[in-house]
Amino acid sequence: MRPAPPLPVVRAPHFDLSTLPRWYNGGSVLATHLTNGLNFVFPAGERFFIRSVRFYLDRVQDPALKAAAMAFVAQEAQHQRAHLQAFAVLEAQGFEIRSYLDWYERLAYEVIEPRCPPSLRLAATAALEHLTAIFGELALGTELLEPTHPEMRRLLRWHAAEEIEHRHVAFDVFEAVDGRYLVRAVGMVVALTTLLGFWAVGTRHLLRQETERPPAEVESTAHARIRAFWWGVSGLVGRRLLSWFRPNFHPADAEIDQLAADYVGSMA
Ligand SMILES: [Fe+2]
Ligand SMILES: [Fe+2]
């Protein structure tokens, strides 16, 4: 039997994003707005994760899993708070972001969410947690965030570490209250299509507002770096994604706890 993972630890680090440059990711417009586009989906997405897990909390019998679920909710609430700070920075830099956020939240939470049964919402949450754990592995185990401004890098690495810490929680709640393989598989389809769709539209929303561009060589170097990076990690990402569909899959199978432990151990 697999040992119970440690209880996720709730932390509330402070981030000062007030001096974040407009193109904080290696000076590149594309790399910066890909990061901003991902930031866009987090706060409302994390509210959805919390709703999906809380809905089933009364049905969780195992006290250790219940405690983990409550720690999960508390960690996600802290992530939301930190990412909302980045929205304020974008607005201070002159970006119009409310029309995108209103559209995203209306479509996701007034149209899609009410049409999905609670079990599918929980499966999609568990699947999104698998995707954020993959992001966590890339953020802490590769050079992905090296060109990013130090304060944004600190925020993303802290978030990444906690995504690794709690990666099993929504999955374990799903297994405890439902566990149907088909629902789990459909949950990943819903997770991937919504995440990639909302991320792409958010990135485009910001890119279209850019009237100035950095020097062409900065942008072409960044594009080459992004392409090389994704080629380099595509095998790992593909394996991790496909592992979700193994009937006996469990998020703790990926041996990535040390990445998170090393990072939180280094946090000031
Ligand atoms: Fe999170
Ligand atoms: Fe999470």
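**Exercise 1.** Which residues does V53 touch, leaving aside residues up to four places away in sequence?

*Solution.* The model is predicted. Step one: set aside the sequence neighbours of V53, up to four places away. Step two: list what remains, which is A69, F72, V73, L122, T125, A170 and V173. Step three: place V53 in its wider setting. V53, A127 and A170 are the residues that touch the most other members of the largest nonpolar core, a set of 40 residues. Two or more residues of this core come from each of α1 (29-54), α2, α4, α5 (150-165), α6 (169-177) and α9 (257-266). The largest share is that of α4, with 11 residues. Apart from this core there is a second one of 5 residues, F40, V41, F42 and Y104 among them. As a general background, nonpolar side chains in soluble globular proteins tend to be buried together.

**Exercise 2.** Find how many helices and strands the chain has, and give their order.

*Solution.* Step one: count the elements, which gives 9 helices and 0 strands. Step two: read along the sequence, where the pattern is α-α-α-α-α-α-α-α-α.

**Exercise 3.** Check the length of helix α4 against the expected span, then decide whether α4 is mostly covered or mostly open.

*Solution.* Step one: α4 covers residues 118-141, which is 24 residues. Step two: at 1.5 Å a residue, the helix should span 34 Å. Step three: the C-alpha atoms at its ends are 34 Å apart, so the two values agree. Step four: 19 of the 24 residues of α4 are buried, and the helix is mostly covered.

**Exercise 4.** Describe the position of Q85: its helix, its exposure and its contacts.

*Solution.* Step one: Q85 belongs to helix α2, residues 63-92. Step two: Q85 has 16 C-beta neighbours inside 10 Å; because a buried residue needs 20 or more and an exposed one has 12 or fewer, Q85 is partly exposed. Step three: beyond residues up to four places away in sequence, Q85 touches F15 and L17. Step four: F15 is 70 residues from Q85 along the chain, yet their C-alpha atoms are separated by 8.6 Å.

**Exercise 5.** Compare the radius of gyration of the chain with that of a compact globule.

*Solution.* Step one: for 268 residues, a compact globule would have a radius of gyration near 18 Å. Step two: the chain has 18 Å, which agrees. Step three: add the outer dimensions, a box of roughly 55 × 40 × 35 Å for the C-alpha atoms along the principal axes. Step four: note that 35% of the 268 residues are buried. Step five: of the contacts with a separation of 6 or more, 87% join residues 24 or more positions apart.

Note on methods:
Residues are numbered from 1 along each chain as its sequence is written. Chains are lettered from A and ligands numbered from 1 in the order in which they are written. This is a predicted model: local features need pLDDT of at least 70, side-chain atom pairs count only at pLDDT 80 or more; totals for chains, interfaces and linings use all residues. Helices (H or I, at least four residues) and strands (E, at least two) are DSSP runs, numbered from the N terminus. The radius of gyration is taken over C-alpha atoms; the globule rule is 2.2 Å times the number of residues to the power 0.38. Two residues are in contact if their C-beta atoms, placed from the backbone, lie within 7 Å. The expected span of a helix is 1.5 Å times one less than its number of residues. A nonpolar core is a set of buried Ala, Val, Leu, Ile, Met, Phe, Trp, Tyr and Cys residues joined through C-beta atoms within 7 Å.
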